[in-house]
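User: I am new to this structure. Please walk me through it in short steps.

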Amino acid sequence: MSNRTCQGTVRSLNGHTICFTGRVLVDGEWTVRTRCEELAEGGGADTKTDFSRKITLVVYGDLASKVVADSRRAYSGKLVGAGVSRDEGRHVCVVDADGFSKLLKRRPAPCLRLRRSGAGYVRPVAADSAQSGILGAPLRGRRPGRRPSVDLALDLNHLDKATAAHEATVGALLAHLSGQGIEVRTHAPGAPAFDAGWSREADVFIAEIKSLTGAREDQQIRLGIGQVLDYAHQLRTSHPGRRIHPVLVLEKRPAAPRWSSLAQSVGTWLTWAPGFPGL
């Protein structure tokens with residue numbers, strides 16, 4: 001693994017060298033270290049009993065019966081090693097039991113921070129960032145699907161997401177932002193179902209993406225503005241103090257110039273492919 005940080009997400013067990021702090025609660029069942037090692041190796045990882053410079057991932061399991069290896073920092077020797085490695089610029093990922101369970105299912109897991117509590121104990125904690133609870137896993141482009149012909153309910157939002165134009169716009173947005181070093185993400189579990197989200201320091205941007213090909217421009221833009229304003233309102237209510245910026249992303253520049261001033265008047269960023277002005 002490189003010395004670069006994981007940007008807050010461990011995407012796979014494959015390629016990691018792992019050590020465990022103890023037994024792990026895997027999907028509700030306490031699993032001893034030797035079995036955890038077997039499971040991890042089945043996912044493409046190497047495992048070690050002790051911490052060394054080869055370790056790239058520490059799985060934080062049961063420490064209740066462990067002797068503290070560092071009384072000043074008050075957490076196990078393997079987490080001490082991870083913390084020292086991070087201080088030296090070599091990032092070692094840390095996940096808890098829930099994260100390990102996700103990785104076994106080939107799902108991404110959050111990389112935890114190491115923080116000291118008021119009582120003097122240091123434990124892994126969820127990343128304390130602007131995106132916590134809002135942004136989820138990295139967004140990936142997908143092939144457009146088809147709606148079943150027997151579905152008689154008219155759902156304009158789902159119909160739009162099934163179009164090739166919509167997915168092409170998603171792909172162009174991913175390429176544009178990744179060129180700036182920004183990772184685009186899906187919505188977090190429990191958050192409103194916006195199409196794409198990203199953060200810049202303390203600012204969180206949530207986007208609704210609308211195609212214009214084969215659709216009425218005014219209908220699509222009105223629908224998109226309404227949706228992204230609703231998402232932003234929900235997030236500001238559930239995450240007071242967060243700087244949430246609603247963004248409407250269009251397949252192309254709208255024919256009517258009035259939409260830019262309308263979006264600005266309600267606090268929404270309006271942009272479009274391929275250049276995505278303003279982003």
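Analyst: Accessible areas come from the Shrake-Rupley method with a 1.4 Å probe, and for residues only the protein chains shown count as cover. This is a predicted model, in which local features need pLDDT of at least 70 and side-chain atom pairs pLDDT 80 or more, while totals for chains, interfaces and linings use all residues. Residues are numbered from 1 along each chain as its sequence is written, and side-chain values use heavy atoms, without hydrogens and water.

User: What share of the accessible surface belongs to carbon and sulfur atoms?
Analyst: The accessible surface of the protein is about 14,600 Å². Carbon and sulfur atoms hold a share of 51%.

User: What percentage of the residues is buried?
Analyst: Buried means under 20% relative accessible area, exposed over 50%, and partly exposed in between (1.4 Å probe, protein chains only). The protein has 279 residues. The buried share is 44%.

User: How many helices and strands are there?
Analyst: Helices (H or I, at least four residues) and strands (E, at least two) are DSSP runs, numbered from the N terminus. The count for this protein is seven helices and 16 strands.

User: Why does the span of helix H6 agree with its number of residues?
Analyst: The expected span is 1.5 Å times one less than the number of residues. H6 covers residues 217-238, which is 22 residues, so it should span 32 Å. Its end C-alpha atoms are apart by that expected value, 32 Å.

User: Which strands make a β-α-β unit with H6, and what is its hand?
Analyst: A crossover is right-handed if, with the strands pointing away from the viewer, the path from the first strand over the helix to the second runs clockwise. The strands joined with H6 are S14 and S15. The unit is right-handed.

User: How do S14 and S15 pair, and over how many bridges?
Analyst: Two strands pair if DSSP finds at least two bridges between them. S14 covers residues 203-210, and S15 covers residues 243-250. Ile 209 stands opposite Val 249 in S15. The pairing is parallel, over eight bridges.

User: Which strand pairs with S15 over four bridges?
Analyst: The pairing is parallel. Leu 250 stands opposite Trp 272 in this partner. With S15 and helix H7 (residues 258-265), the partner also makes a right-handed β-α-β unit. The strand, at residues 269-272, is S16.

User: How many aromatic pairs does a search of the whole structure find?
Analyst: Rings of Phe, Tyr and Trp (its six-membered ring) pair if their centres lie within 6.5 Å; planes under 30 degrees apart count as stacked, over 60 as edge-to-face and the rest as tilted. The number of pairs found is three.

User: What kind of pair do Phe 20 and Phe 100 form?
Analyst: The ring centres of Phe 20 and Phe 100 are 5.3 Å apart and the planes are at 80°, so the pair is edge-to-face. Phe 20 is in strand S2 and Phe 100 in helix H3, 80 residues apart. Phe 20 is buried at 0% relative accessibility, and Phe 100 is buried at 0% too. The kind of pair is edge-to-face.

User: Is Trp 269, the ring partner of Phe 205, buried or partly exposed?
Analyst: The rings of Phe 205 and Trp 269 have centres 5.2 Å apart and planes at 75°, so they are edge-to-face. Phe 205 is buried, with a relative accessible area of 4%. Trp 269 has 33% relative accessibility, so it counts as partly exposed.
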